[in-house]
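Please open the model in a viewer and keep the sequence panel visible. The stops below are given in the order in which they may be selected.

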Amino acid sequence: MQDVTATYYFRPRADTTPEQAAQAIVEEETTGTWTDITTTTEYVRRLDGEVLALEPSGNGYVTQVRYPAEIFEAGNVPQYLSVIAGNLFGLGRLEAVRLLDVDFPESLVPFKGPKFGLEGVRKLIGTTDRPHVGTIIKPKVGLNPKDTAEVAYRAAIGGVDLIKDDETLTDQTFCPLDERLQAVMERLDEAKEETGRQVLYAVNISARADEIVARAEHALDLGANMLMIDVITCGFTALQALAEAPSVKVPIHVHRTMHGAITRNPEHGIAMRPIARIVRMLGGDQLHTGTVSGKMSHDVSELKGDNLALTEPYFGLEPTFPVASGGLHPGKVAAEIENLGTNIVLQAGGGIHGHPEGTEAGARAMRQAVDAFMQGISAEEYAKEHYELARALEKWGNR
Ligand SMILES: O=C(O)[C@H](O)COP(=O)(O)O
Ligand SMILES: [Mg+2]
């Protein structure tokens, strides 16, 4: 397909037929408006959109529409979004409408994608097939730099591959970014001397758009080996600026805080899949897509498709490493891998730092749960020989 196809679920208003509703979407987002107009010349008509398919689904309908590639400015993602996810959300003739997926032609994917991606991050850590284990420093705010670094050190000694800031921690006075980053990197060097393993630390550099690259470069000068950005609150082009900066030579961990306002309602908003596609195009090396068993609400089949959008072949772009995060603990590891596969980062905040014997034991327990799965052994069975896992299962159970 040389054009863009987008798939929407919608529920029309009582006085509107499904055909009129689908047509209203393509007209609003291409050449039309609420009434016929006198200024449409013949040559404009080639830019009309088209309803390709329409069928009942749940309480409403699913439609696939075609938008001519020519109405898109190649490389301008804010403009792409104004078409595929623009005014249509407010149209009165639709009670509800949700963008489920989008397919762009190659001409509209002039992006380089992830610099590292799934394989690049695996190389940095030295793994081939097992899921990676990550942790979010908890409490999410409040710790000073020294204590943050101590928690990071304990997690690294316990065996995590990745440590990250939480989404609300940036550069506040109680834990300034410079001091925190330097303290954490020093302690991770110490851990490396002891274990021989280099752990990644994704420092949250989310900030106003015109400052983000400078903040990233500053963090890199201080020794950062990974960067984190809150992509919805910062905006997609902030991620793009970061990923395309030649000075940024470390992987980018992408958090999606605020996504629930957009993705959660099954009838209205934007599903995670189009967001996942765009994050991959714009260069996110890792992206949170959700869990099958954690604390955030998710539709499992949607989630599998979202992860596929990150990893399936796509115009030669590196795959983005999917991240399952939110409410995980060792007892949930098997269900996550069974459903989402082994190309996944399993992150636990509470599920590591809430371990009865502390962060280091918590990290060990998460790694043991992954090892158990990889060896085809149930967590309960493996726990008979692995104390930390046993203690975790005692506290949280095995599902
Ligand atoms: O940012 C995240 O992904 C969450 O902070 C996860 O924290 P939790 O494992 O304690 O739910
Ligand atoms: Mg968080």
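**First stop: a loop residue**

Select Leu-91, which is placed in the loop between α2 (77-84) and β4. The coordinates belong to a predicted model. Is Leu-91 buried or exposed? Leu-91 counts as buried because 20 C-beta neighbours lie inside 10 Å, and a residue is classed as buried from 20 such atoms upwards. Next, display Ala-24 and Glu-28: Leu-91 touches both, residues up to four places away in sequence not being counted. Add Ile-25 to the selection; its C-alpha atom is 8.2 Å from that of Leu-91, although 66 residues separate the two in sequence.

**Second stop: the open sheet**

Now show the strands β2, β3, β1, β4 and β10. In that order the five strands form an open sheet with mixed pairing. The edges are β2 (50-57) and β10 (269-270), each of which pairs on one side only. Turn the view until helix α1 (residues 18-29) is visible: α1 packs on the sheet and touches β1, β2, β3 (60-67) and β4. The direction of α1 makes about 140° with that of β2.

Select β1 next. Strand β1 (residues 4-12) runs antiparallel to β4 (residues 94-103), and eight bridges join the two. To follow this pairing, pick Tyr-8, which stands opposite Leu-99 in β4, and then Ala-6, whose bridge partner in β4 is Val-102. The pairing of β1 with β3 is also antiparallel, over seven bridges. Here Thr-5 may be selected together with Arg-66, its bridge partner in β3. How many of the nine residues of β1 are buried? Seven of them are, and the strand is thus mostly covered.

**Third stop: a helix residue**

Move to Glu-244, which lies in helix α8 (residues 236-244). Glu-244 is partly exposed, because 15 other C-beta atoms lie within 10 Å. Select Gly-113 as well: the C-alpha atoms of Glu-244 and Gly-113 are separated by 8.9 Å, while the two residues are 131 residues apart along the chain.

**Fourth stop: backbone geometry**

The next selections concern the backbone. Most residues other than glycine have a negative phi, and most peptide bonds are trans.

- Select Lys-138 and Pro-139. The peptide bond from Lys-138 to Pro-139 is cis, with omega near 0°. Pro-139 is placed in the loop between β5 (132-136) and α4 (145-158).
- Select Met-258, found in the loop between β9 (252-255) and α9 (259-263). Although not a glycine, Met-258 has a positive phi of about 85°. Met-258 is partly exposed, because 13 other C-beta atoms lie within 10 Å.
- Select Phe-315, in the loop between α11 and β12. Phe-315 is a residue other than glycine, and its phi is positive, near 50°. With 13 C-beta neighbours inside 10 Å, Phe-315 counts as partly exposed.

**Fifth stop: β12 and its neighbours**

From Phe-315, continue to strand β12 (residues 321-325), where five of the five residues are buried. In a regular strand the side chains alternate between the two faces of the sheet. Display the side chains of β12: Phe-321, Val-323 and Ser-325 point one way, Pro-322 and Ala-324 point the other way, and all are buried.

Which strands pair with β12? Strand β11 (residues 286-288) pairs with β12 in the parallel sense over three bridges, and strand β13 (residues 345-347) runs parallel to β12, joined by three bridges. On the β11 side, select Gln-286, whose bridge partner in β12 is Phe-321. On the β13 side, select Ser-325, whose bridge partner in β13 is Gln-347.

Add the connecting helices. β11, helix α11 (residues 300-311) and β12 make a right-handed β-α-β unit. β12, helix α12 (residues 333-340) and β13 likewise make a right-handed β-α-β unit.

**Last stop: the ligand**

Keep Ser-325 selected and display ligand 1. Ser-325 is among the closest of the 14 residues that surround ligand 1, together with Ile-136, Gly-327, Gly-349 and Gly-350. How do the residues of this shell divide by character? Three are nonpolar, seven are polar and four are charged.

Notes
Residues are numbered from 1 along each chain as its sequence is written. Chains are lettered from A and ligands numbered from 1 in the order in which they are written. This is a predicted model: local features need pLDDT of at least 70, side-chain atom pairs count only at pLDDT 80 or more; totals for chains, interfaces and linings use all residues. A residue is near a molecule or strand if its C-beta atom, placed from the backbone, lies within 6 Å of it. Ala, Val, Leu, Ile, Met, Phe, Trp, Tyr, Cys and Pro count as nonpolar, Asp, Glu, Lys and Arg as charged, and the others, Gly among them, as polar. A residue is buried if 20 or more other C-beta atoms lie within 10 Å of its own, exposed if 12 or fewer, and partly exposed in between; C-beta atoms are placed from the backbone. Helices (H or I, at least four residues) and strands (E, at least two) are DSSP runs, numbered from the N terminus. Two strands pair if DSSP finds at least two bridges between them. A crossover is right-handed if, with the strands pointing away from the viewer, the path from the first strand over the helix to the second runs clockwise. Two residues are in contact if their C-beta atoms, placed from the backbone, lie within 7 Å. Axes are lines fitted to C-alpha atoms, for helices over the stretch in contact, and angles run from 0 to 180 degrees between N-to-C directions.
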